[in-house]
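Biologist: Please take one part of this model and look at it closely: the open sheet. I would like to know how its strands are arranged and what lies around them.

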Amino acid sequence: VIKCKAAVAWAAGKPLSLEEVEVAPPKAHEVRIKIVATAVCHTDAYTLSGADPEGCFPVILGHEGAGIVESVGEGVTKVKPGDTVIPLYIPQCGECKFCKNPKTNLCQKIRITQGKGLMPDGTSRFTCKGKQVYHFMGTSTFSEYTVVADISVAKIDAAAPLDKVCLLGCGISTGYGAAVNTAKVERGSTCAVFGLGGVGLAVIMGCKIAGASRIIGIDLNKDKYAKAKEFGATECISPEDFKKPIQEVLVEMTDGGVDYSFECIGNVGVMRAALEACHKGWGVSVIVGVAAAGQEISTRPFQLVTGRTWKGTAFGGWKSVDNVPKLVTEYMSKKIKVDEFVTHTLPFDKINEAFELMHTGK
């Protein structure tokens with residue numbers, strides 16, 4: 001058993017608490033990882049807020065991490081101690097019907113136990129002050145050591161800087177893949193990206209790499225516009241600057257609507273606007289943001305009858321074990337940006353400050 005520091009969420013709506021936790025050794029087909037770097041994501045904040053129907057407490061959150069394999073359980077063949085890895089919240093077992101289908105990346109092998117905050121055998125590897133602590137998204141990267149299923153880990157280039165590539169564990173991969181895999185953005189097309197946080201910037205990057213000729217960023221926070229333009233946005237607008245709904249503004253700006261739109265916020269009203277900003281006959285709108293539990297989307301069916309397509313994406317459609325190492329290679333060869341997404345680097349004990357920076361859009 002390893003004793004180490006972890007940021008424990010004892011209850012919904014409370015700040016994280018830095019505690020000494022015990023991390024049990026990995027069982028069969030499990031891997032124990034020394035986490036070197038982790039990022040914070042709105043999904044962690046969503047669960048911490050209490051709005052997540054799958055949220056259970058106490059829990060160690062975090063799902064954008066990178067580290068080194070410390071030890072492996074029986075039957076683990078794909079990684080060994082010393083390997084550099086990124087934990088994966090969407091695993092890839094290679095055996096379930098989802099993994100065998102090229103149309104999806106949603107491996108279901110450990111979905112039920114993962115959703116309950118437990119390892120595949122139905123137990124936890126974390127304890128703190130004599131209490132069982134739940135896992136989160138199969139990763140729990142807000143701990144100096146974590147245990148994950150062997151199908152939830154990608155071995156990556158040992159030369160990769162872990163304080164940067166940890167972001168490929170969720171946000172960057174999600175946005176980039178939404179553009180290149182889910183939407184399949186075409187050269188010369190016009191795109192609209194709603195929400196210019198990390199995921200939105202990654203969508204912009206994907207649209208640019210795919211050759212889009214016009215990329216419109218939409219956000220209420222104008223402080224985000226300069227960064228969006230660095231990533232490839234050709235212009236940025238705020239819905240607050242117009243009297244009419246933003247979808248009508250976009251339809252007018254683009255002679256009938258955009259070819260592709262992306263909702264990167266998790267707001268069902270914006271999801272509707274993103275669909276209705278698409279061009280009749282061929283426009284495609286991709287939902288990337290996660291809405292709160294119980295919320296529903298709506299539009300007039302005529303929007304779809306007249307040729308628009310509404311899609312969603314999880315982890316950008318990447319089959320995780322196969323593609324995360326390739327994304328690291330693309331970063332190492334400067335095809336995709338990663339460093340530019342990092343705004344602040346803080347010591348682990350300042351993790352609550354990191355959440356505050358995220359909430360204020362900084």
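**The open sheet and its surroundings**

Modeller: The end C-alpha atoms of residues 28-156 lie 22 Å apart, and this span is 13% helix and 30% strand. The model is a predicted one. An unreviewed UniProt entry annotates residues 28-156 as "domain: Alcohol dehydrogenase-like N-terminal".

The sheet has 5 strands, and it is open. Their order is S9-S3-S5-S6-S10, with antiparallel pairing. Strand S9 (145-149) and strand S10 (153-155) are at the edges; each has a single partner strand, so one side of each is left without a neighbour in the sheet. On average, neighbouring strands are turned by 45° against each other, direction ignored.

We can now cross the sheet from the S9 edge. S9 is joined to strand S3 (residues 30-39) by 5 bridges, and the two run antiparallel. At this pairing, Glu 30 stands opposite Ala 149 of S9. S3 also pairs with strand S5 (residues 64-72), in the antiparallel sense and over 8 bridges. Here Lys 34 has Ile 68 in S5 as its bridge partner. S5 in turn pairs with S6 over 2 bridges, again in the antiparallel sense. Ile 68 appears a second time at this pairing, where it stands opposite Thr 84 in S6. The order of the sheet then ends with S10, after S6.

A helix lies over this end. Helix H11 (residues 320-332) lies across strand S6 (84-87) and S10, and it runs at about 45° to S10. For residues 198-327, the unreviewed UniProt entry gives "domain: Alcohol dehydrogenase-like C-terminal". Over that stretch the chain is 37% helix and 15% strand, with end C-alpha atoms 16 Å apart.

Back at the S9 edge, Ala 149, the residue opposite Glu 30, is also one of the residues that line the largest cavity. A search of the whole structure finds 1 cavity of 30 Å³ or more. The volume of the largest cavity is about 60 Å³. Besides Ala 149, its lining includes Ile 110, Thr 113, Gln 114, Leu 118 and Met 119. Pro 120, His 135, Gly 138 and Ser 152 line the largest cavity as well. Sorted by class, this lining holds 5 nonpolar and 5 polar residues, and no charged ones.

Definitions and conventions:
Residues are numbered from 1 along each chain as its sequence is written. This is a predicted model: local features need pLDDT of at least 70, side-chain atom pairs count only at pLDDT 80 or more; totals for chains, interfaces and linings use all residues. Side-chain values use heavy atoms; hydrogens and water are left out. Two strands pair if DSSP finds at least two bridges between them. Helices (H or I, at least four residues) and strands (E, at least two) are DSSP runs, numbered from the N terminus. Axes are lines fitted to C-alpha atoms, for helices over the stretch in contact, and angles run from 0 to 180 degrees between N-to-C directions. Contact means heavy atoms within 4.5 Å. On a 1 Å grid over the protein atoms alone, a cavity is a set of points where a 1.4 Å probe fits but cannot get out, and a pocket is an open set with protein on both sides within 12 Å along at least five of seven lines; lining residues have an atom within 4 Å of a point. Grid points are joined across faces, edges and corners, and a volume is the space filled by probe spheres set on the points. Ala, Val, Leu, Ile, Met, Phe, Trp, Tyr, Cys and Pro count as nonpolar, Asp, Glu, Lys and Arg as charged, and the others, Gly among them, as polar. UniProt positions are given in the numbering used here, feature names are shortened, and annotations may be inferred rather than shown by experiment.
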